[in-house]
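Hi everyone, and thanks for coming along. I'd like to walk you through a structure that may be new to you, so please have the sequence and the model open.

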Amino acid sequence: MTTRLVLVLLTAVTLATALIAFTGYASPHSPANPTPYPEPNTHLAPLTTTVSISYDVAMDPATVTTQTFAVHAFQTGLLTQTYEVISGTIALTPVQPFHPGELVQASATTATLSLVDGTGPASPTVWQFRTAVGGSTGEFADSGQSLGDAVSRAAALGDLDGDGDLDAFVANYGPNRAWRNDGNGFFIVTQSMGNSDSVAVALGDLDGDGDLDAFVANFNAPGAQANLVWLNDGGAQGGAPGTFNDSGQRLGDSDSVAVALGDLDGDGDLDAYVANYNFPAGQPDEIWLNDGTGTFADSGQRLGAEYSRGLALGDLDGDGDLDAFVAIASGQPNRVWLNDGRGTFSDSGQLLGAGTSVAVALGDLDGDGDLDAFVANAGANKVWLNDGTGTFSDSGQNLGSSTSFGVALGDLDGDGDLDAIVANLSSAQANTIWLNDGAGTFTDSGQNLGSTVSFGVALGDLDGDGDLDTFFANDGANKVWLNLPYRVCLPLIVK
């Protein structure tokens, strides 16, 4: 009897030890110490990377869904395949590879539950990363296309029709247009939408159905110029895939000039931060919260009293939520707004620069793991370096002297760091490429891309060769410039 009791006790101890080793906990507690993968803010994630988060307790697989652990790819849409849950790790491997240089956001909400006591994480974790690009020269050639004849103010790239290549949604003064890619970087217009003074557009899966929708920011908002949400029907309503329908929402009555999408309140869907020009006074920036179906509600927040002109979202202070860097025009300093994780923003108190800033792009420019800012100005462009806490300092660089109006970041030359392409607002000031040395110091590549009045620029692999090409939104015909691949030169052998 004594021998049997000892064996039972030893077996119990062995099982308990195994349980601790397997799950990583010795006593019941809620999921904690989340470790996201890929690392936040990296731009070197493989195209087939697995997106995961690991807690220190085992998680209930039944609580993991596309709403509770949401992976939004901004050129693809919400990833809707089945997740894998192994102990405290929740993981998703995309069925199809991401696009080169694609921005991906993952939201681990508080609705995934522990197997120990059925409680969720104390707070959500939202992080972003970019995928790597293939080898390229970083030298661009005009594709020869002249797309449209409107005053185009912005362009966003994404797979609108689900065929695997990147299409373009262009915001115009007048009807917005969807341009479909043939897979080789050549575009045809497929749809015209609305008739507003549209200034900005952001693509993302707003209603959770797996395709890309569009949030369009409109100027001259009083009357019929409110911001609009265009929902992609994915071919479900009898139209061709990539057909957009007006959601019927009329969001705001301000002069909106920029919009960025991200999960601001940690609930797994994409919300909208809208920058308003605030002239006349009384038009501060706004936060619009998504209910998960693509229907937005005003959060009631009114942020700032400046002439906002551009913005970008990212985790600036490393606390697991999305903050905002806002570019301010009319000689006022740029501002940083910090998120409390629930979608409520507070002014960091920083006053960054005193120029006329028009656009901003965020990325890890100096390789230290946090998000820095490249700001496009009417005059010299500036690089602001983050110390990891969301506090920025001027790098001291003055890049160019043009009236710049748009900027995008990406690894243009395939060397593993983020370069910048800048759209300039004068036919006498060609668009420019600034190459990064990996430490956040930029030099002019010497290339001059076109002689058009460019308002905006977007980067993506348009011809399917693995590197980043560029789409310029212009006053008049939009232009596509293709990144030239490496040429393999074989030695001449004389016999």
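**Rings, strands and cores**

Let me begin with one side chain: Phe-244 is buried, with a relative accessible area of 2%. Phe-169 is buried too, at 0%. A word of caution before we go on: this is a predicted model.

How do the rings of Phe-169 and Phe-244 sit relative to each other? Their centres are 5.3 Å apart and the planes meet at 85°, so this pair counts as edge-to-face. Phe-169 belongs to strand β11 (residues 167-181) and Phe-244 to strand β15 (residues 244-246), so the pair links distant parts of the chain, 75 residues apart.

Let's step back for the overall picture. The protein chain has 495 residues, and 56% of them count as buried. Its secondary structure comes to one helix and 34 strands. About 18,900 Å² of the chain is exposed, with carbon and sulfur atoms supplying 55% of that.

Now to the inside. The largest nonpolar core has 21 residues, and those with the most contacts inside it are Val-51, Ile-53, Phe-69, Val-71, Ile-90 and Trp-127. Which elements give two or more residues to this core? They are β2 (51-54), β3 (69-73), β6 (89-92), β7 (103-108) and β8 (125-130). Apart from this core lies another, of 19 residues, among them Val-199, Phe-219, Ala-275 and Phe-345.

Strand β6 is a nice one to follow with your finger. It pairs with β2 in the antiparallel sense over four bridges, and Ser-52 has Ala-91 in β6 as its bridge partner. Three bridges also join β6 to β5 (residues 84-86), again antiparallel, with Val-85 partnered by Ile-90. β5 and β6 form a hairpin with two residues between them, and Ser-87 in the turn has a positive phi of about 55°. Beyond its close sequence neighbours, Ile-90 is in contact with ten residues' worth of surroundings that include Val-51, Ile-53 and Phe-69.

Back to rings, then. A search of the whole structure finds eleven aromatic pairs. One of them, Phe-69 with Trp-127, is tilted: 6.5 Å centre to centre, with 40° between the planes. Phe-69 lies in strand β3 and Trp-127 in strand β8, so the pair ties together parts 58 residues apart in sequence. Both residues are buried, and ring pairs link them with Tyr-83 into a cluster.

One last stop: Arg-153 lies over the face of Phe-455, at 4.1 Å from the ring centre. Thanks for listening!

Notes: Residues numbered from 1 in each chain as written. Predicted model: local features only at pLDDT ≥ 70, side-chain atom pairs only at ≥ 80, totals over all residues. Heavy atoms only, no water. Core = buried A, V, L, I, M, F, W, Y, C linked by side-chain atoms within 4.5 Å. Buried < 20%, exposed > 50% of the residue type's maximum accessible area, 1.4 Å probe, protein only. Contact = heavy atoms within 4.5 Å. Pairing = 2+ DSSP bridges. Areas by Shrake-Rupley, 256 points an atom, 1.4 Å probe, with all protein chains shown as cover. Phe/Tyr/Trp six-rings, centres within 6.5 Å; stacked < 30°, edge-to-face > 60°. Lys NZ or Arg CZ within 6 Å of the ring centre and 35° of its normal. Lists of a residue's contacts leave out its neighbours within four places in sequence.
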